[in-house]
Amino acid sequence: MANALKRTNLYASASSPVNMAQAVFYEEDCIVYDLEDSVSLAEKDAARFLIYNTVRYHRPRDKYVIIRVNGLYSEFIDEDLQAAVRARPDAIRLPKVESAEEVRRISAQIAAIEKKAGIPVGSIRLWCNIESYLGVLYAREIAQADPRVEAMAIGAEDLTVSLSASRTKQGLEIFYARNAVLMACREAGIAAIDAVFSDINDLEGLQHDVALAKNLGFDGKTVVHPRQLAAVNAAFAPSEKEIRYALRVLATLEEGRRQGKGVITLDGSMLDKPMELRALNTLRMARAAGNKVGGEYLND
């Protein structure tokens, strides 16, 4: 994996070779080659073949590579897993996960394929899409179901259908789901990926939506169009102001410890362990994103 960031997860439909080829040149952290919703029933076999050859032999070097398979109870899942595992992506994205048992069943299938193909067992990770009220209710169990689980992502369109709710740009109808999934991810120590903002022409609405997701604590967002990438990447990367403050926090704490102070303050506020951890995380994210401070790259 070339990039540990998961700010942007761009879907690339396997029904379009042009779409897949172009996706490599955008600025997404994670590229999600899709076999599910974007591929018609008549194109499933061709799409599977295209994804296998793309990932196995023409894998983009600077992206985290994910393959989204078809539904866990669909007629395509067994062939999808055979091709996806043998292609050796970083992760396989599972749609509409609703129980821990489903995750364990798929993980066992993947392990059998890995073993037969000579791939280190456990090396391919799992991302679980939470797209129904059942998925939300069992988010904690799903997040901890198997060591392969690396992230959970909210699928708002299917989720709101399952709730008989209206999907709005404000997102109040998924507010509880966002928090439930986020807390489950934090408890399990895995990444939390926010829902798609589906209006690709409303960049102002996207900025409001991604600001909410970042403030809640999400690690990234699924996007469906390249024009959304810049706004989402920028929102999930620390600003220069945030980086400078993090550096000041750490420097002040270090000086206070050197002087043996029991209480350490900065700009009138007491510094504590959570603020130190937040500062360290800000700098970790900034380094991963290649951020600069005052025209200079951050050093490790």
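Reader: What volume does the largest pocket have?

Author: The model is predicted. Of the 24 residues that line the largest pocket, K214, R278, N281, T282 and M285 are the closest to its centre. The volume of this pocket is about 790 Å³.

Reader: Which element gives the largest share of the lining of the largest pocket?

Author: Two or more lining residues come from each of helix 9 (203-216), helix 11 (240-258) and helix 12 (273-289). By class, the lining has 13 nonpolar, four polar and seven charged residues. The largest share, seven residues, belongs to helix 12.

Reader: On which side or sides of helix 11 do its buried residues lie?

Author: Residues count as buried under 20% relative accessible area. In helix 11 the buried residues are I243, A246, V249, L253 and G256. Because they cover an arc of only 160 degrees around the axis, they lie on the same side of helix 11.

Reader: Which exposed residues does the face of helix 11 turned away from its buried side carry?

Author: Exposure requires over 50% relative accessible area. On the face turned away from the buried side of helix 11, the exposed residues are K241 and R258.

Reader: How far apart are the end C-alpha atoms of helix 11?

Author: Helix 11 has 19 residues, and at 1.5 Å a residue they should span 27 Å. The distance between the end C-alpha atoms agrees with this expectation, being 27 Å.

Reader: How much space lies in the second largest pocket?

Author: Its lining divides into seven nonpolar, six polar and seven charged residues. The space in the second largest pocket is about 330 Å³.

Notes: Residues are numbered from 1 along each chain as its sequence is written. This is a predicted model: local features need pLDDT of at least 70, side-chain atom pairs count only at pLDDT 80 or more; totals for chains, interfaces and linings use all residues. Side-chain values use heavy atoms; hydrogens and water are left out. On a 1 Å grid over the protein atoms alone, a cavity is a set of points where a 1.4 Å probe fits but cannot get out, and a pocket is an open set with protein on both sides within 12 Å along at least five of seven lines; lining residues have an atom within 4 Å of a point. Grid points are joined across faces, edges and corners, and a volume is the space filled by probe spheres set on the points. Helices (H or I, at least four residues) and strands (E, at least two) are DSSP runs, numbered from the N terminus. Ala, Val, Leu, Ile, Met, Phe, Trp, Tyr, Cys and Pro count as nonpolar, Asp, Glu, Lys and Arg as charged, and the others, Gly among them, as polar. The expected span of a helix is 1.5 Å times one less than its number of residues. Buried means under 20% relative accessible area, exposed over 50%, partly exposed in between (1.4 Å probe, protein chains only). The arc is that of the directions from the helix axis to the C-beta atoms.
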